[in-house]
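Let's take a quick tour of a protein fold together. Have the picture open while you read.

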Amino acid sequence: MNFTDSLSHVRNQFHIPAGKIYFCGHSLGLQPKTAEASVLTELESWREIAIRGFTQGKNAWAKYVEPLRETLAPWVGASASEIGFMNTLTTNLHILLEDFYQPTSERFKIMIEDRAFPSDQYALASHLRLHGFDPESALIRVKPQQGTYAITEEDWTRAFQQHGNSIALVLIGHPNYLTGQAFPIPFLQQRAKECGAIFALDLAHGVGNLELSLHDWQVDFAVWCNYKYLNGGPGAVGGYFVHEKHAHRSRSHRLEGWWGNRAETRFEMRDTIDADSGANGRQISTPNILSLASLRAGLDIFSKLDPKAYFKRRLQLTSHLEKGLLALQSKAFSIITPSDPSQRGAALTLFFHSDAVPVEAKLSAAGVLCDFRRPNMIRVAPSPLYTSFEEVDRFCEILKSCI
Ligand SMILES: Cc1ncc(COP(=O)(O)O)c(C=O)c1O
């Protein structure tokens, strides 16, 4: 290595599973060492002051998400009032689809990238059906050219031209969960805008992985989970973004609950909601404090990082992995994630030309935890926070002995 690894010390802030090389941070991030204390703090408030914990204690629960919002806002390129934490990704997608997907008989189609995450496809299909449309014809999957995996700008342009003003909403997984391809968001937002469509992102694999500018990109809304690169814990409370331009959007299709009432009047217990604006107004229920407490530990780590150094390390780590894999000169697999660093994040997907089950079994026996998708894909995600360059080298050596 001919560069200095300025973030290598961050690894010490995580519990690393003993004897394992962990390349699954894109599925479930590792546990920050402070997560336990963070949860115990709130258990203590609950034990000692019970209901008063909402307004007193170390971190008043009624305002618990506020510092989390402040920390995450610069990492997604938003202001704190544009983002929030509640539920989980698919539930938040449903809630925001109800708000933003308002089809007419002329404009009703939903466009996604090919091989979008199944839960997104199920959620979108259910909204199409709820509105009386057939997902078979109304859910448009934009595919790459035959025999390739990357969707090009030409592929997108063709699809936008073909469906034009019939598109009501575009939802992109950025990056795609399977191929790892990151998309040209300003280009796609512009195409969606020209068609008059709402433009939304699923950032499950993007938050804490890609450099994001949700506000400047004019994304209408976005949803993500916090248990991957942000290390919030299994099933951690999800995150969402609603652009400032929609802060005062008509509430005619908004699903509401008392946590979307303005904080100042919430406990007046009125019969009709005194609705808040922006992301706050989209909240529905009492926050899940114990889950937010472990997420807080993950976000605390990000609050002390310089994003430039973080993204530089991500880039170097993934390039190092790519170099090591290419040096194997193996005919057993191809890397299907784009080699252009601007079109990917941390994860690389290896496509095996024959059954990858035996390879995965051998990797697992050798202590490597990576992610296997039947029948022949293995996704490898080094984490900029806790993967070392030496682990990447060891992984490549182990893989060589497995294929
Ligand atoms: C890209 C993507 N979208 C959606 C989901 C669903 O997330 P949740 O189970 O939190 O709803 C996942 C989960 O891994 C995902 O990777």
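Here's a short briefing on the domains and on two pairs of packed helices. Keep in mind that this is a predicted model. The domain assignment splits the protein into domain 1 (8-30 + 306-402) and domain 2 (49-303).

**How the domains meet**

- Going by C-alpha atoms, the centres of domain 1 and domain 2 sit 27 Å apart.
- Where they touch, domain 1 puts in 24 residues and domain 2 puts in 23 residues.
- On the domain 1 side, the elements giving two or more residues are α9 (307-327) and β10 (348-352).
- That side of domain 1 is a mix of 12 nonpolar, 10 polar and two charged residues.

**Helices α6 and α7**

- Helix α6 (residues 153-163) packs with helix α7 (residues 185-195) at an angle of about 10°, and their axes are 11 Å apart.
- Angles under 35 degrees count as roughly parallel, so α6 is roughly parallel to α7.
- From α6, the contact uses Glu-153, Trp-156, Thr-157 and Phe-160, while α7 offers Phe-187, Leu-188, Arg-191 and Cys-195.
- Sorted by class, this α6 and α7 contact has five nonpolar, one polar and two charged residues.

**Helices α3 and α4**

- Helix α3 (residues 89-100) and helix α4 (residues 118-130) cross at roughly 30°, with axes that come within 10 Å.
- That makes α3 and α4 roughly parallel to each other too, and their crossing is right-handed.
- Thr-90, Leu-93, His-94 and Leu-97 of α3 meet Ser-119, Asp-120, Ala-123 and His-127 of α4.
- Here the α3 and α4 contact has three nonpolar, four polar and one charged residues.

How values were computed: Residues numbered from 1 in each chain as written. Predicted model: local features only at pLDDT ≥ 70, side-chain atom pairs only at ≥ 80, totals over all residues. Domains from an automatic or database assignment. Contact = placed C-beta atoms within 7 Å. Helix = DSSP H or I, 4+ residues; strand = E, 2+ residues; numbered from the N terminus. Nonpolar A, V, L, I, M, F, W, Y, C, P; charged D, E, K, R; others polar. Axes fitted to C-alpha atoms, helices over the stretch in contact; angles between N-to-C directions. Parallel < 35°, antiparallel > 145°, perpendicular 65-115°, else oblique. Left-handed = near helix turned anticlockwise from the far one by under 90°.
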